[in-house]
Amino acid sequence: MAQPELDQLRSIVQDSLGKHMYDNAIFFADKLVTMSNGADDDVFLLCQAYVFTKQHRRALHVLRKTGLAGSSARFCYLTAKCLAECQDWDEALDCLNQRALELATQAQELAGCDAGHVGLHSAMLLLKGSVYESLENGPLAARHYCDALRSEPLNYEAMNRLVCNHMLDASERAALLMELEARLGARHLGWIKLYYQCKLDPEVGSKLA
């Protein structure tokens, strides 16, 4: 199929996802993968459509069939996310190994700094922490949530899980807050710095209440 027709199909899939027409997106994404001979971006798009509809096993089938499950950082993350949703904890951790984290770091370096995105490295650490939390390994979960915040201070989910699940003692909260304050101050994000202060330092929160 000619490139203009493929581009039109991709636009239809993206538009369908944006309008929450997931069955429509899956139908055209499946055809797109066939017609583009399994182009990486098109496979990723189809698997995302499956994930949006909680068809994680189908997404895993496509990822494995195409041989893309561990081919790059984004595919490692998507595969691990699907495995975690299927509660295949050990396999999910295998996907989030040191190589996957290094691939994520390399991908971010190649893409350059973008303040409008949460880095894939931080997202992987968050996911890894959530897997450990599901396995009831609190210390490892807390460590990975902290690392996710160190990688990207705007990873609110990591912060929220640390606080809501009472995973840090007072000294650990103070040390983490000190790191985050410096990073957020450098990025001129005073409002989120104040929010984190309230979450991690009860005295600050009580004074502002």
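The legends below describe close-up views of a predicted model.

**View A. Cys 76 and Cys 95, two cysteines outside any disulfide.**
The disulfide count for this model is zero. For Cys 76, the nearest cysteine sulfur is that of Cys 95, 6.4 Å away. Cys 95 likewise has the sulfur of Cys 76 as its nearest, at 6.4 Å. A disulfide is counted when two cysteine sulfur atoms lie within 2.5 Å, so a pair at 6.4 Å is not one. Cys 76 has a relative accessible area of 4% and is therefore buried.

**View B. Arg 99 in helix 7 and its contacts with Gly 70 and Cys 76.**
Helix 7 covers residues 98-111, and Arg 99 is part of it. With residues up to four places away in sequence left out, Arg 99 touches Gly 70 and Cys 76. A polar atom of the Arg 99 side chain lies 3.3 Å from the backbone oxygen of Gly 70. The relative accessible area of Arg 99 is 44%, which means that the residue is partly exposed. Its contact partner Cys 76, in contrast, is buried at 4%. Ala 39 is 60 residues from Arg 99 along the chain, and the C-alpha atoms of the two are separated by 23 Å.

**View C. The second largest pocket, lined in part by helix 5, helix 8 and helix 10.**
This second largest pocket holds about 260 Å³ of space. Its lining consists of 15 residues, and those closest to the pocket centre are Lys 81, Leu 126, Leu 127, Ser 130 and Arg 161. Helix 5 (73-85), helix 8 (120-134) and helix 10 (156-164) each give two or more residues to the lining. Helix 8 gives the most, with six residues. By class, the lining has eight nonpolar, three polar and four charged residues.

**View D. Asn 37, a residue with positive phi in the loop between helix 2 and helix 3.**
Most residues other than glycine have a negative phi. Asn 37 has a positive value, near 60°. The loop that holds Asn 37 runs between helix 2 (22-35) and helix 3 (40-52). Asn 37 counts as exposed because its relative accessibility is 75%.

**View E. Lys 54, a residue with positive phi in the loop between helix 3 and helix 4.**
Phi of Lys 54 is positive and near 60°, in a residue other than glycine. Lys 54 sits in the loop between helix 3 and helix 4 (56-65). Its relative accessibility is 68%, so Lys 54 counts as exposed.

Conventions: Residues are numbered from 1 along each chain as its sequence is written. This is a predicted model: local features need pLDDT of at least 70, side-chain atom pairs count only at pLDDT 80 or more; totals for chains, interfaces and linings use all residues. Side-chain values use heavy atoms; hydrogens and water are left out. Buried means under 20% relative accessible area, exposed over 50%, partly exposed in between (1.4 Å probe, protein chains only). On a 1 Å grid over the protein atoms alone, a cavity is a set of points where a 1.4 Å probe fits but cannot get out, and a pocket is an open set with protein on both sides within 12 Å along at least five of seven lines; lining residues have an atom within 4 Å of a point. Grid points are joined across faces, edges and corners, and a volume is the space filled by probe spheres set on the points. Helices (H or I, at least four residues) and strands (E, at least two) are DSSP runs, numbered from the N terminus. Ala, Val, Leu, Ile, Met, Phe, Trp, Tyr, Cys and Pro count as nonpolar, Asp, Glu, Lys and Arg as charged, and the others, Gly among them, as polar. Contact means heavy atoms within 4.5 Å. A polar contact is a pair of N or O atoms within 3.5 Å; within protein, one must be able to donate a hydrogen and the other to accept it, and residues adjacent in sequence count only if both atoms are side-chain atoms.
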